[in-house]
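Before reading on, please take a moment to look over the sequence and the model. The paragraphs below go from helix pairs to the interior and then to single residues.

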Amino acid sequence: MITYPANVFWNQCRPWLARRGVVLYELRPYQANEHYKSYFWHSPANTGDSETRNLPYAICTDKCDSPSAVMDSKGCRRVACAQDAMHRDIVVKVIITGSMEHQIYQRIHEVPAELFTDGSTFPCVLPPTALLDSQRGYTFVAMPLWGCPTHIGDIQTVGGAMQFMRCYLQGMSFLHELRIAYRDVWDYNTAINRRTPFWAHSEEHREALRAHRGESDLFYALMDFDQSALFPIDASLEECRLPLSAADDGANLYKPRDTQLAPAYYNPFAFDVGAAGFLFRRYFPTVVPFVPGLAALFDRMTERSKRRFSAAEALLFLRGLEDHSSPDVLETEVALQLNAVETMDDANIYWSKLSPEDICLWDPYRTPVQPLWARSLDWMATHVNVWIALRFFRQTLRF
């Protein structure tokens with residue numbers, strides 16, 4: 001879409017956007033070394049006005065007396081930082097008019113705005129605040145500027161972990177209710193309603209966010225729908241399907257094994273829940289001893305069967321665990337195991353942290369051990385040639 005340098009594109013769009021109440025941040029050249037040259041978006045001085053504290057806008061953690069670099073345009077060429085007519089900080093993304101992504105933003109934009117302004121109803125999805133059609137085949141989507149990356153590994157308490165998982169499942173449930181399959185579960189596709197006037201990948205940004213963890217008005221939200229799929233609003237979540245090739249889209253780390261045996265079609269909504277479950281299994285196994293029911297939640301979200309929770313069921317289950325956890329438990333400090341990817345493959349790691357009584361209590365939710373033939377078939381499918389043969393056979397017979 002942007003076929004020439006991002007700074008040229010956005011500077012050409014600057015007057016058109018300004019006439020519509022969108023004032024882009026200043027783009028300044030940046031050169032880290034002789035091999036890396038880019039342009040950074042610089043926030044205006046003295047950002048952090050209290051007027052921006054209301055949802056869906058983010059709280060600015062610090063004020064800055066001079067323009068400050070907040071985002072590198074090289075890694076996000078389709079995204080710009082700006083302020084709206086009320087001097088609220090926003091991001092502007094350029095998308096193809098009529099594309100699936102455009103239709104998704106339109107469907108979210110049709111939801112009553114009041115839902116996004118009240119903390120008791122906020123659906124934990126970053127909403128578009130305006131869709132500006134350029135009449136040239138592309139549309140500008142304006143959204144509140146939130147903090148990203150969220151640095152999930154910096155969460156320090158049991159309550160903070162529960163808060164993150166609740167927001168994540170609330171956002172996914174909301175999208176699924178709108179029949180939007182997210183399809184891109186990834187650490188960097190989550191934002192936090194705390195932003196800083198610092199570069200997003202700087203230690204200053206990370207420290208500023210860390211100081212606000214656990215606050216009652218803290219929210220996380222899902223964002224970025226360029227990999228998402230839209231279905232008719234009255235479609236059944238259980239019956240929606242996408243072709244196997246579509247499973248290749250989006251980030252790979254948290255994808256469940258639903259497509260390991262090469263089915264002709266898969267359910268993207270169940271796939272979303274499985275991916276979210278593996279995200280939780282990676283970051284929060286050390287929280288399980290304090291909230292034993294999380295072991296059951298993780299298994300029921302990632303189990304490769306019809307027993308897998310829907311997003312709404314997982315959210316309801318998590319809220320039940322949260323309601324039955326005492327304030328002392330939620331305030332307990334916990335050290336997350338960064339890069340604990342082994343828990344994504346071995347559920348016994350977090351089940352082994354439970355007492356025999358807790359294991360007995362939650363065992364009905366535990367993923368049963370696969371029979372030998374199923375494990376053997378899974379192992380064979382890890383070989384490329386076997387998987388290709390399976391794919392050909394199953395697509396030919398359409399099952």
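To compare the directions of two helices, one fits a line, called an axis, to the C-alpha atoms of each helix over the stretch in contact, and the angle between two such lines runs from 0 to 180 degrees between N-to-C directions. In this model, which is predicted, the axes of α3 and helix α5 (residues 268-283) come within 11 Å and cross at roughly 170°. Since angles over 145 degrees count as roughly antiparallel, α3 is therefore roughly antiparallel to α5. On the side of α3, the residues that meet α5 are Phe164, Met165, Tyr168, Leu169, Met172 and His176, and their partners in α5 are Phe269, Asp272, Val273, Ala276, Leu279 and Phe280. Sorted by class, the residues of this contact are 10 nonpolar, 1 polar and 1 charged.

A second pair of helices can be read in the same manner. The axes of helix α6 (residues 293-302) and helix α7 (residues 311-323) come within 10 Å and cross at roughly 175°, and α6 and α7 are therefore roughly antiparallel to each other. Here α6 contributes Gly293, Leu294, Ala296, Leu297 and Met301 to the contact, while α7 contributes Ala314, Phe317, Leu318 and Leu321. This contact has 8 nonpolar residues, 1 polar residue and no charged ones.

Is α6 enclosed by the rest of the structure, or is it open to the outside? Because 10 of the 10 residues of α6 are buried, the helix is largely enclosed by the rest of the structure. The buried residues of α6 pack against α3, α5, α7, α10 (348-351) and α11 (356-362).

From these helices we can turn to the chain as a whole, which has 13 helices and 16 strands. Of its 399 residues, 53% count as buried. Among contacts between residues at least 6 apart in sequence, 73% join residues at least 24 apart. The largest nonpolar core has 103 residues, of which Trp10, Phe140, Phe284 and Leu294 touch the most other members. Helix α3 (residues 158-177) supplies the largest share of this core, with 11 residues. There is also a second, separate core of 11 residues, which includes Ala181, Phe231, Tyr266 and Phe271.

A single residue can show how distant parts of the sequence come together. Leu132 is found in strand β8 (residues 130-133), and at 16% relative accessibility it counts as buried, because the cut-off for buried is under 20%. Although Leu132 and Arg20 are 112 residues apart in sequence, their C-alpha atoms are 8.4 Å apart in space. Leaving aside neighbours within four places in sequence, Leu132 is in contact with Trp16, Leu17, Arg20, Val22, Tyr138, Thr139 and Phe140.

Finally, the backbone itself has some details to look for in the loops. The peptide bond from Leu55 to Pro56 is cis, with omega near 10°, and Pro56 lies in the loop between β3 (36-43) and β4 (59-60). Another cis peptide bond joins Cys148 and Pro149, with omega about 5°, and Pro149 lies in the loop between β9 (138-144) and α3. Arg179, in the loop between α3 and β10 (180-181), has a phi near 60°, a positive value in a residue other than glycine. Arg183, placed in the loop between β10 and β11 (190-192), has a positive phi of about 65° although it is not a glycine. Arg179 counts as buried at 16% relative accessibility, and Arg183 counts as buried at 12%.

Conventions: Residues numbered from 1 in each chain as written. Predicted model: local features only at pLDDT ≥ 70, side-chain atom pairs only at ≥ 80, totals over all residues. Heavy atoms only, no water. Helix = DSSP H or I, 4+ residues; strand = E, 2+ residues; numbered from the N terminus. Parallel < 35°, antiparallel > 145°, perpendicular 65-115°, else oblique. Contact = heavy atoms within 4.5 Å. Nonpolar A, V, L, I, M, F, W, Y, C, P; charged D, E, K, R; others polar. Core = buried A, V, L, I, M, F, W, Y, C linked by side-chain atoms within 4.5 Å. Buried < 20%, exposed > 50% of the residue type's maximum accessible area, 1.4 Å probe, protein only.
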